[in-house]
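Take a moment to look over the sequence and the 3D structure shown here. Then let's walk through a helix, the cores and a pair of cysteines together.

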Amino acid sequence: MKIATFNINGINGRLPVLLKWLKSTAPDVVCLQELKAPQEKFPEAALQKAGYHAVWVGQKSWNGVAILSRQPIQELRRGLPGNRTDTHSRYLEVITYEKVIACIYLPNGNPWPGPTFDYKLAWFKRLIRHAKKLYAMELPVILAGDYNVMPTELDVYKPEKYLEHALFRKEIRAAYQSLLKQGWTDALRTLYPNEPIYTFWDYLRHAWERNAGLRLDHFLLSPLVATHLQSGGVDTRVRGWPKASDHAPAWIEIKE
């Protein structure tokens, strides 16, 4: 089983990129973030033609998450518990391939300090509480998506530049470590313990050409999945395609 996560940065504007990548790599499950499309504008027909079932939560102009699968999908939850007034489309949880898979789009949080950073930290705390409950169920669970956090200095091309950035603030990195302490496995860092791995390159200042990247997209695995982790990586070439997202798809393979 191959599962990928991809912040598409506008699914309709980048649909040709998505379809080209799906055809060339054939993942079994894909978690998409930042759809930037209302619910009724999701390109379900094009994705069905490409061989995928889909569940999605759209939102006009920003946010939005979706899960694609070659097998049928059963939706479990849309939205994190803990704040009924939160209308951001950032979390989706399903069962497919006999696994619980969550698609996560954590808030950016900039600028720090300020209310957007406070919202990010509060959202992260809600995720930690919900993840603890999922972990306690002792099920095969994958928490995949754009976490908008670089967990360590190895995950950012120039750490000193980001010390006061919401994606690298000590509070956010500590929240990520709190997740790992529950028992989750950071799949890509487990596979590449000592190598820089980037999944995002800004459009500005020729970041892609300079490989000035960040690792923002992560897979956290419960023990029943982590023991079957085989391989993983980032399809960096996609970032160089015309009209590409500023993220590249990351992926892992699980032995069934």
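## Buried and exposed

A residue counts as buried when its relative accessible area is under 20%, and as exposed when that value is over 50%. Keep in mind as you read that this is a predicted model.

## A helix with two sides

Let's begin with helix α4, which covers residues 170-181. Its 12 residues reach 16 Å from the first C-alpha to the last, close to the expected 16 Å.

Which residues of α4 are buried? They are Ile 172, Ala 175, Tyr 176 and Leu 179. Looking down the axis of α4, you would find its buried residues within an arc of 95 degrees, so they line one face of the helix. On the other side of α4, Lys 170 and Lys 181 are exposed.

What do the buried residues of α4 pack against? Their partners are α3 (115-136), β9 (185-186) and β12 (217-221). Just after α4 comes Gly 183, which has a positive phi of about 125 degrees.

## Two nonpolar cores

Here is a helpful background idea: in soluble globular proteins, nonpolar side chains tend to be buried together. In this model, the largest nonpolar core has 33 residues. Leu 179, one of the buried residues of α4, is among those with the most contacts inside this core, along with Phe 124, Leu 127, Leu 143 and Tyr 147. At least two residues of the core come from each of β7 (99-105), α3, β8 (141-146) and α4. Helix α3 gives the most, with eight residues.

Leu 143 is a good residue to explore on screen. Leaving aside residues up to four places away in sequence, Leu 143 touches Ala 102, Ile 104, Ala 131, Leu 134, Trp 184, His 218, Phe 219 and Leu 220.

Apart from the largest core lies another one, of 32 residues. Its members include Cys 31, Tyr 105, Ala 144 and Val 234.

## Two cysteines without a bond

How many disulfides does the structure hold? The number is zero. To see why, start from the cut-off: a disulfide needs two cysteine sulfur atoms within 2.5 Å. The cysteine sulfur closest to that of Cys 31 belongs to Cys 103, and because it is 4.4 Å away, it is too far for a bond. Likewise, Cys 103 is in no disulfide, and its nearest cysteine sulfur is that of Cys 31.

Are these two cysteines buried or exposed? Cys 31 is buried, with a relative accessible area of 0%, and Cys 103 also counts as buried, at 0%.

Terms used
Residues numbered from 1 in each chain as written. Predicted model: local features only at pLDDT ≥ 70, side-chain atom pairs only at ≥ 80, totals over all residues. Heavy atoms only, no water. Buried < 20%, exposed > 50% of the residue type's maximum accessible area, 1.4 Å probe, protein only. Helix = DSSP H or I, 4+ residues; strand = E, 2+ residues; numbered from the N terminus. Expected span 1.5 Å × (residues − 1). Arc of directions from axis to C-beta. Contact = heavy atoms within 4.5 Å. Core = buried A, V, L, I, M, F, W, Y, C linked by side-chain atoms within 4.5 Å.
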